[in-house]
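Please take a moment to look over the sequence and the model, and then follow the text below step by step.

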Amino acid sequence: MSPQLNAFQVKAIKAELLELLGHLREDVGHELEDQQGERGHAGVRETHDRGDEATADLDSTINITNVSRHLGEIRECQEALHRLENGSFGLCISCDEEIELNRLKANPVSSRCLSCQSKEESGHPEVHYASL
Ligand SMILES: [Zn+2]
């Protein structure tokens, strides 16, 4: 069990993560449906206008980015739930120190303490999305 969280807090965080996970899965489901709908349209519609095609490509890219971001968030939720199960929740995955409680309350999927997260972000300025 995480040293700084009592059973009640763990339960509350778990419920929150499961709810978030449900929402994210719904979002991804809708986004994938939209994606297929648009592709279907493009296939039926005979467009010879290059401008239209470029716009369609751009829309697809934006959708894929959203889906990819949401998949990354789903993975973060699952990892946080896993850490709740095995008792490592609330501990920084980089330095093993306790993650600030306020930080966990604000964002239960935080896996690093503030200082490690800052280092991580400064080391990798690009945001990494989960691959599809
Ligand atoms: Zn740390």
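Is I64 buried, partly exposed or exposed? In this predicted model, I64 has a relative accessible area of 35%, and because buried means under 20% and exposed means over 50%, I64 counts as partly exposed. I64 has its place in helix α2, and its C-alpha atom is separated by 9.8 Å from that of V28, although these two residues are 36 residues apart along the chain.

From here the path leads to the metal site. The zinc ion is coordinated at 2.3 Å by the SG atoms of C92, C95, C113 and C116, and along the chain these donors follow the spacing C-x2-C-x17-C-x2-C. C92 is found in the loop between α2 (50–86) and α3 (101–106), while C113 is found in the loop between α3 and α4 (114–123), so this pair ties together parts that are 21 residues apart in sequence.

The arrangement around the zinc ion is tetrahedral, because the four donor atoms subtend angles of 104 to 117°, and four donors count as tetrahedral if all angles lie between 85 and 135 degrees.

How accessible are the cysteines of this site? Both C92 and C113 are buried; for C92 the relative accessible area is 1%, which is why it falls under the 20% limit for buried residues. C95, at 32% relative accessibility, counts as partly exposed. As for links between cysteine sulfur atoms, the structure holds zero disulfides, a disulfide being a pair of such atoms within 2.5 Å.

Notes. Residues are numbered from 1 along each chain as its sequence is written. This is a predicted model: local features need pLDDT of at least 70, side-chain atom pairs count only at pLDDT 80 or more; totals for chains, interfaces and linings use all residues. Side-chain values use heavy atoms; hydrogens and water are left out. Donors are N, O and S atoms within 2.8 Å of the metal (3.2 Å for Na, K and Ca); water is not among the atoms, so sites may look incomplete. Four donors count as tetrahedral if all angles lie between 85 and 135 degrees; four count as square planar and six as octahedral if opposite donors are over 155 degrees apart and all others between 65 and 115; anything else is irregular. Helices (H or I, at least four residues) and strands (E, at least two) are DSSP runs, numbered from the N terminus. Buried means under 20% relative accessible area, exposed over 50%, partly exposed in between (1.4 Å probe, protein chains only).
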